[in-house]
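Trainee: I would like a close look at the charged side chains in this model. Please take the salt bridges one by one, and then say what surrounds them.

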Amino acid sequence: MASIWVGPRGTIKDYPGFSPSVDAEAIRKAIRGLGTDEKALINILTERSNAQRQLIAKQYQAAYEQELKDDLKGDLSGHFEHVMVALVTAPALFDAKQLKKSMKGTGTDEDALIEILTTRTSRQMKEISQAYYTVYKKSLGDDISSETSGDFRKALLTLADGRRDESLKVDEHLAKKDAQILYNAGENKWGTDEDKFTEVLCLRSFPQLKLTFDEYRNISQKDIEDSIKGELSGHFEDLLLAIVHCARNTPAFLAERLHQALKGAGTDEFTLNRIMVSRSEIDLLDIRHEFKKHYGYSLYSAIQSDTSGDYRTVLLKICGEDD
């Protein structure tokens, strides 16, 4: 069965001639030897798919009665450790943990919540919610509810529910109807009916939304983005703009997130690690293409100039090549 976590445009593929026991042994040696052999660890983990890494972890546990991720945590440190542990974590669990981190402690990282919830498919969201409950014994919805409020909360909960239509078929009649609903809920009315925006933008498929935005433009002579900016505000506005961006071009949305994470003083490693790892088997090739197209330099070169050491090495291996 094809995994819902694997797409055609990843930089990382299954390793041919894969042997979990050979890899587990090599990793054990790299960790247990005199001084850690980071190069060996990086090469093995970045040249195997996530499904293969899960098998290595299973084999490792069976052979050495130790969790691979615990041994990596004990032996590595900093941002490098975070990426390596991310690589050996199953995708749904990884996203669940990222969502938890976005809501932990003081202040909520709304941008991270928005990014994860707008870019995952309904089927992925269902698995993430399951993983979240398994690990934290609390539903994702409950945590979102206690950390956010208002229309922003309502829309996030709708996305977390994984109810977005996934069919690729588009319905022209529905697009016209929804476009009119959006127009009547915003531009064409005193005050704004936020619920209507949430309903259409959080439940319709991306191809359907693209058609709806075209119809919207015909009706209102405006881009939906401009109406959202004019009618709404705060995190709710940010969330709806992210949905529009993703519906039009998800890789371009993620390229922009990476660009923000890598520009200016200091690097946002939380975002950088998450996108590099979580999209490495889905659409990182497209993200690289969009990055180069929009910013005039490659993602590879941005990572190269913004990071260092083993951390840089592992990110560049995930990135693949320079564009």
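**Salt bridges and their surroundings**

Mentor: Arg9 forms a salt bridge with Asp286, and the closest N and O atoms are 2.8 Å apart. Arg9 lies in the segment before helix H1 (20-32) and Asp286 in helix H17 (residues 284-295), so this pair ties together parts that are 277 residues apart in sequence. Keep in mind that the model is predicted, and that side-chain atom pairs count only at pLDDT 80 or more. Arg9 is partly exposed, at 36% relative accessibility. Asp286 is also partly exposed, with a relative accessible area of 24%.

Helix H17 holds a partner in another pair as well: Arg288 lies in H17, and its side chain meets that of Asp323 in a salt bridge of 3.0 Å, N to O. Asp323 lies in the segment after helix H19 (309-319), so the pair ties together parts that are 35 residues apart in sequence. The two partners sit in unlike surroundings: Asp323 is partly exposed at 36% relative accessibility, whereas Arg288 is buried, with a relative accessible area of 5%.

The next pair is Arg248 and Glu225, whose side chains meet in a salt bridge (2.8 Å, N to O). Arg248 belongs to helix H15 (residues 234-262) and Glu225 to helix H14 (residues 224-231), so the pair ties together parts that are 23 residues apart in sequence. Arg248 is partly exposed, at 31% relative accessible area. Glu225, at 19% relative accessibility, counts as buried, because the cut-off for buried is under 20%.

Glu225 has company in its helix: Ile224, Glu225, Ser227 and Ile228 are buried in H14. These residues cover an arc of only 165° around the axis, which puts them on the same side of H14. An α-helix has 3.6 residues a turn, so residues three or four places apart point the same way. The buried residues of H14 pack against helix H11 (172-185), helix H12 (194-203), helix H13 (206-220) and H15. H15 is also the helix that carries Arg248.

Some charged residues are joined in a group: Arg28, Arg32 and Asp71 are linked in a network of salt bridges. Across the model the count comes to 24 salt bridges.

Arg53 is a case without such a partner. This arginine is found in helix H3 (residues 50-64). Arg53 is buried yet has no salt bridge, and the nearest side chain of opposite charge, that of Glu281, is 4.3 Å away. A salt bridge requires the nitrogen and the carboxyl oxygen to be within 4 Å, so Arg53 and Glu281 do not count as one. They are nevertheless in contact: leaving aside neighbours within four places in sequence, Arg53 touches Ile12, Leu45, Arg48, Leu87, Val88 and Glu281.

Charged side chains also appear around empty space. A search of the whole structure finds one cavity of 30 Å³ or more. About 60 Å³ of space lies in the largest cavity. Its lining includes Arg120, Arg163 and Arg164, along with Leu117, Thr121, Ser122, Met125, Thr158, Leu159, Gly162 and Cys202. Helix H8 (122-136) and helix H10 (150-160) are the elements that give two or more residues to the lining of the largest cavity.

Conventions:
Residues are numbered from 1 along each chain as its sequence is written. This is a predicted model: local features need pLDDT of at least 70, side-chain atom pairs count only at pLDDT 80 or more; totals for chains, interfaces and linings use all residues. Side-chain values use heavy atoms; hydrogens and water are left out. Helices (H or I, at least four residues) and strands (E, at least two) are DSSP runs, numbered from the N terminus. Buried means under 20% relative accessible area, exposed over 50%, partly exposed in between (1.4 Å probe, protein chains only). Lys and Arg count as positive and Asp and Glu as negative; His and the chain ends are not counted. Contact means heavy atoms within 4.5 Å. The arc is that of the directions from the helix axis to the C-beta atoms. On a 1 Å grid over the protein atoms alone, a cavity is a set of points where a 1.4 Å probe fits but cannot get out, and a pocket is an open set with protein on both sides within 12 Å along at least five of seven lines; lining residues have an atom within 4 Å of a point. Grid points are joined across faces, edges and corners, and a volume is the space filled by probe spheres set on the points.
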